[in-house]
Amino acid sequence: MPANDHIKRLLHLIERDNDQVAYRELFLLLHNPLKQFAYSILKSGEEAEELVSDVFMRIWTKKDQLSLIESPLLYFYSTARNLAINRLTRQKRQAALSSNEWLVQMNSIYFDPEQLMMTQEMVNQVKKSINELPVRCRLIFKLVKEDGLKHRETAELLNISVKTVEAQLAIALRRIAKCMPMDLQNAAIRKLNLKK
């Protein structure tokens, strides 16, 4: 996941120069993570794809205001969340939507298996333990570790406290560590360290 600074640079190029190359790069960087996030709420691949297109259409139509965005990752995820909830409301699929109901898909194991000298079997065990995390815990872990949001941004996005984010990450790390041999647990926990 790209850093906020890189995204800000692309947004600046789009705003200042109508740079379509920067717009395309931004789209390629954020398309899949945003689609997965939208899918976790909408539970429809087609609707998630449409929603991501809507997010990027908004970026292009509001390109003269892009420099006002302080935290681009949070902005993109919040926009996707709001559009998804609006879509669900319009479709009257749910009266109230809770983040506990979101279907979270995990893509990676958040560290380099070769660097930790992990066998494929251990990698599979780690992936399995991540996918067996409670839904909310898995969502928070994904947003922080895979998608690169900060604790504060994740808390704001999900309308929870930063302490809840930290507690859920600690639970995730403990559960992941349990599936690893003792000699690799410390290295993995250092690699998966909590970022503020």
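A search of the whole structure, which is a predicted model, turns up six aromatic pairs. One of these joins F27 and F56, whose rings sit edge-to-face, with 4.9 Å from centre to centre and 65° between the planes. F27 belongs to helix 2 (residues 20–42) and F56 to helix 3 (residues 45–61), so this pair ties together parts of the chain that are 29 residues apart in sequence. The two partners differ in how much of them shows at the surface. F27 is partly exposed, at a relative accessible area of 27%, whereas F56 comes out at 2% and counts as buried, the cut-off being 20%.

Another edge-to-face pair is made by Y75 and F76, with the ring centres 5.9 Å apart and the planes at 80°. Here again one ring is partly exposed and its partner is buried: Y75 has a relative accessible area of 28%, while the value for F76 is 0%. Stepping back, ring pairs link these four residues with Y23 and W60, giving a cluster made up of Y23, F27, F56, W60, Y75 and F76.

Some of these aromatic residues turn up again where helices pack. Helix 3 and helix 4 lie with their axes 10 Å apart, at an angle of about 125°. That angle makes the two helices oblique to each other, and helix 3 passes helix 4 in a right-handed crossing. On the helix 3 side, the contact uses E47, E50, L51, D54, V55, F56, R58 and I59. These meet Y75, F76, T79, A80, L83, A84, R87 and Q91 of helix 4. F56, Y75 and F76 are thus part of this helix contact as well as members of the ring cluster. Sorted by class, the contact of helix 3 with helix 4 has nine nonpolar, two polar and five charged residues.

Helix 4 (residues 72–91) also packs against helix 7 (residues 151–158), and the axes of this pair come within 10 Å and cross at roughly 15°. With an angle under 35 degrees, helix 4 therefore counts as roughly parallel to helix 7. This crossing, too, is right-handed. Helix 4 contributes L74, Y77, S78 and R81 to the contact, and helix 7 brings in E153, E156, L157 and L158. In terms of class, the residues where helix 4 touches helix 7 split into four nonpolar, one polar and three charged.

Technical notes. Residues numbered from 1 in each chain as written. Predicted model: local features only at pLDDT ≥ 70, side-chain atom pairs only at ≥ 80, totals over all residues. Heavy atoms only, no water. Phe/Tyr/Trp six-rings, centres within 6.5 Å; stacked < 30°, edge-to-face > 60°. Helix = DSSP H or I, 4+ residues; strand = E, 2+ residues; numbered from the N terminus. Buried < 20%, exposed > 50% of the residue type's maximum accessible area, 1.4 Å probe, protein only. Axes fitted to C-alpha atoms, helices over the stretch in contact; angles between N-to-C directions. Parallel < 35°, antiparallel > 145°, perpendicular 65-115°, else oblique. Left-handed = near helix turned anticlockwise from the far one by under 90°. Contact = heavy atoms within 4.5 Å. Nonpolar A, V, L, I, M, F, W, Y, C, P; charged D, E, K, R; others polar.
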